[in-house]
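Got your viewer open? Let's take a short tour, one selection at a time.

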2 protein chains.
Amino acid sequence: MYELILKNISRFVTLTPEEIQYFTSTLKEKKLKKRQFLVQEGDVCRSTYFVNKGCLRSYYTDKDGVEHNIQFSIEDWWAGDMASFITQKPSKISVIALEDSDLLVLDRQVQEDVFAKIPKFERFFRNLLQNAFVSAQERILANLSETAEERYLNFRKKYPEMDRRLPQNQIASFLGVTPESLSRIRRAISEKRG
Amino acid sequence: MYELILKNISRFVTLTPEEIQYFTSTLKEKKLKKRQFLVQEGDVCRSTYFVNKGCLRSYYTDKDGVEHNIQFSIEDWWAGDMASFITQKPSKISVIALEDSDLLVLDRQVQEDVFAKIPKFERFFRNLLQNAFVSAQERILANLSETAEERYLNFRKKYPEMDRRLPQNQIASFLGVTPESLSRIRRAISEKRG
DNA sequence: CGTCTATTTGAATGTACTCAAAAGCGGTGG
DNA sequence: CCACCGCTTTTGAGTACATTCAAATAGACG
């Protein structure tokens, strides 16, 4: 149950057995069926979620009702709306399960207790935030300087697992193109390679 | 000299006179002439900079040599490459003065001392990071869901001062369009308004 | 098996781009 | 102070890439 999250955390900070014991005792479980919402636009996001199994997508719905995927969260990723969690303001995005999923839940209040008892967790969550910022920055640059085809090839290289696993129209929404365009891009790529 | 930065900080945390005294004593000054670099691609960014006067731009140079503006920093803003400062890896971006500028410099090492002596500064810098993340997120969404004209109108509304002060080609690069396109967009807008 | 959704394909359209040239503006030196 | 130079902005014409709309095909799931 906790192997994955402990391995995830150990990439940044080292915990003693007691700390592990305490930390895992604060976590709750949550199961989502495909198409169930984890966060709905307008909710205040009061927890962070670790994905033990399954797959979710975070998306923004624009003024024309078009959905734009911001992030996918598969096993070993964190899910939720970090912006809303940080600011405790209503979320502009929604998070929904693309597959039946098992999550571990860390409530905001509990998180404060964890910070108090195990200060290095502050560092861990600062690291998560920093990574999120750096990858947001990189995505802005990619959108400014790369063609749709380049963005797709980079996506495939960076997240091969997601490329295999996710519906193509969801990837298109993440890349910022229509499903039709991504379909044509894929055809062009496969024609180039014979 | 320090009014602006103290006012900036006071938006997030309250400092005692002693803390103010200590904090300001750790700051250095830096003056840049127009067209001088603050950070060059490949540098590790070892300081954060507060803009007391002037204006800078941060930009990324893509594989075709095209520059893409990431951020402008005018008075009362922080400058530098947060990603490189955070990770202490070589910067992918450059920061250059668009006008003669006066900066206050907070070195990374000094920052650690400040955190140790005045822990609430940790909160202050976490807030800066959070804001940077949230606005990066918003920019991704804007690029995905808005037309160039909408992005320009929103830019103008959000940063009227920058719209007045910055060369149009720099704004175009920030919005992710060519200078020619922004020129046409502006004409279209002014024709609509009679 | 049938239904619903995802993907592919085609044709027409549109938005922003490139390239080229003219006009405008600001700073510098004679 | 004015003339010139360099850089920015505007304008025009043609082009490229992705979009929209529509329809056909393929796949997934009950």
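Start by colouring chain A and chain B separately. This is a predicted model, and a rotation of 180° with 0.0 Å of shift along its axis lays chain A on chain B, with an RMSD of 0.0 Å. The two copies are thus related as by a two-fold rotation axis.

Where does that axis run? Select A:Phe133: in chain A, its C-alpha is the one nearest the axis, 2.4 Å away. Now think about the surface where the copies meet. The same surface serves both of them, since 100% of the contact residues of chain A turn up again in chain B.

Next stop: A:Arg35. Look for the loop between strand 1 (28–32) and strand 2 (37–39) of chain A, and you'll find A:Arg35 there. Check its backbone, too: phi of A:Arg35 is near 75°, a positive value in a residue other than glycine. Is A:Arg35 buried or exposed? Count the C-beta neighbours inside 10 Å: there are 10, so A:Arg35 counts as exposed. The cut-off for exposed is 12 or fewer.

Last stop: A:Asp76. Move along to the loop between strand 5 (67–74) and strand 6 (78–79) of chain A, where A:Asp76 lies. Here's another backbone angle to look at: A:Asp76 has a positive phi of about 75°, although it is not a glycine. How many other C-beta atoms lie within 10 Å of A:Asp76? There are 13, so A:Asp76 is partly exposed.

Notes. Residues numbered from 1 in each chain as written. Chains lettered and ligands numbered in written order. Predicted model: local features only at pLDDT ≥ 70, side-chain atom pairs only at ≥ 80, totals over all residues. Least-squares fit on C-alpha atoms with pLDDT ≥ 70 in both. Contact = placed C-beta atoms within 7 Å. Helix = DSSP H or I, 4+ residues; strand = E, 2+ residues; numbered from the N terminus. Buried ≥ 20, exposed ≤ 12 C-beta atoms within 10 Å, placed from the backbone.
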